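Student: I have a structure open and would like to learn how to read it. Can we go through it feature by feature?

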Amino acid sequence: ISFVHPEDQPAFIHLTRHVFSGQSDTLEFRIMGKKGTCRWLETHASPLRESDGKVYALVGVTRDITERKNAELAYRRESSEWTQAMDAFEDVIYLLDEDRHLVRANKMFYALTRTTPEEVIGQHIAGIIHPQGELTPCPVCRAQEEKRDEVITMESDHPDNPAGRPLEITVKIIRDDSGDATGILMAIHDLTNARESEVKLRES
């Protein structure tokens, strides 16, 4: 198995042993090419049995999945880079699809909503921000629904304020070349410190 990438050889050996023990199995692994290049393969292997049931060989179907794996790896890399960049902000930042389902968010979003990615990714934002329903018509929800850019100041006593602190909420609609909405980028900035600084300036 010298053609199998060294890091994948233990899994490849395990696959072979597993199939010879009588179980079908599937494995994704890499094979080495010229000049250090490699390609991803997916093999589904099944045992071949004699009339008495004893396994004497295996048969496998292998396909090249390099393009798919490269796309997956690129997506994970971009997602990781996005997460690291967005987590560096103290503001709440999150991305919705055009139907207002949560696509991704930074750590401040999960702190604000007291949720985890596993709980809310793919969920409609209304159910996350307003789990009890809107107590009053929410201006942020209206801007999202109507697909319009807007900067909204929401005071701490607003019934639909999820933080209980004064907030500046930015709604930015993402559009394709045809002008159709493809997503909604949201940013929530806590105005508490700025308000307190203003008060101190006035009092000084």
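Tutor: We'll take the sheet, then a few single residues, then the salt bridges. One thing up front: this is a predicted model.

Student: Fine. How do I read a sheet, and in which order do the strands come here?

Tutor: The general idea is that strands of a sheet pair through backbone hydrogen bonds, either parallel or antiparallel. Here you have an open sheet of three strands in the order E1-E2-E3, with antiparallel pairing. E1 and E3 are the edge strands, each pairing on one side only. From one strand to the next, the twist averages 35°.

Student: How many bridges hold E1 and E2 in register?

Tutor: Eight bridges, antiparallel, between E1 (residues 25–32) and E2 (residues 38–49). To find your place, look at Ile-31, which stands opposite Arg-39 in E2. The hairpin of E1 and E2 has five residues between the strands, and Lys-35 there takes a positive phi near 60°.

Student: And what about E2 and E3?

Tutor: That pair is antiparallel too, over nine bridges. A handy marker is Ser-46, which stands opposite Val-59 in E3.

Student: Which helices pack on the sheet?

Tutor: Helix H1 (residues 9–20) does, touching E1, E2 and E3, and its direction makes about 145° with that of E1. Helix H2 (residues 66–87) also packs on the sheet and touches E1, E2 and E3; its direction makes about 125° with that of E2.

Student: Back to Val-59 for a second. Is it buried, exposed or in between, and what surface feature is it part of?

Tutor: Val-59 sits in strand E3 (residues 55–64). Its relative accessible area is 42%, so it is partly exposed. Together with Leu-48 and Tyr-56, Val-59 makes a nonpolar surface patch of about 260 Å².

Student: Now Lys-69: buried or exposed?

Tutor: Buried, because its relative accessibility is 8% and the cut-off for buried is under 20%. Lys-69 lies in helix H2. Setting aside residues up to four places away in sequence, Lys-69 touches Glu-28 and Trp-40. Lys-69 is also linked with Glu-28, Arg-68 and Glu-72 in a network of salt bridges.

Student: What does Ala-126 touch, beyond its sequence neighbours?

Tutor: Leaving out neighbours within four places in sequence, Ala-126 is in contact with Arg-100 and Pro-131. Ala-126 lies in helix H5 (residues 125–129) and is partly exposed at 21% relative accessible area. For a sense of the fold, take His-101: 25 residues from Ala-126 along the chain, with the two C-alpha atoms separated by 8.7 Å.

Student: How many salt bridges does a search of the whole structure find?

Tutor: It finds 16. Among them, Arg-142 pairs with Glu-134, with the closest N and O atoms 3.0 Å apart. Arg-142 is partly exposed at 22%, and Glu-134 is partly exposed at 32%. Glu-150 and Arg-148 form another, at 1.9 Å from N to O.

Student: Which parts does the Lys-172 and Asp-149 pair tie together?

Tutor: Their side chains meet in a salt bridge at 3.2 Å, N to O. Lys-172 lies in strand E7 (residues 167–175) and Asp-149 in the loop between helix H6 (139–145) and strand E6 (150–154), so the pair ties together parts 23 residues apart in sequence. As for accessibility, Lys-172 is partly exposed at 43%, and Asp-149 is partly exposed at 44%.

Technical notes:
Residues are numbered from 1 along each chain as its sequence is written. This is a predicted model: local features need pLDDT of at least 70, side-chain atom pairs count only at pLDDT 80 or more; totals for chains, interfaces and linings use all residues. Side-chain values use heavy atoms; hydrogens and water are left out. Two strands pair if DSSP finds at least two bridges between them. Helices (H or I, at least four residues) and strands (E, at least two) are DSSP runs, numbered from the N terminus. Patches are made of residues with over 30% relative accessible area and no salt bridge: like charges are joined within 9 Å, nonpolar side chains (Val, Leu, Ile, Met, Phe, Trp, Tyr) within 5 Å. Accessible areas come from the Shrake-Rupley method with a 1.4 Å probe; for residues, only the protein chains shown count as cover. A salt bridge is a side-chain nitrogen of Lys or Arg within 4 Å of a carboxyl oxygen of Asp or Glu. Buried means under 20% relative accessible area, exposed over 50%, partly exposed in between (1.4 Å probe, protein chains only). Axes are lines fitted to C-alpha atoms, for helices over the stretch in contact, and angles run from 0 to 180 degrees between N-to-C directions. Contact means heavy atoms within 4.5 Å.
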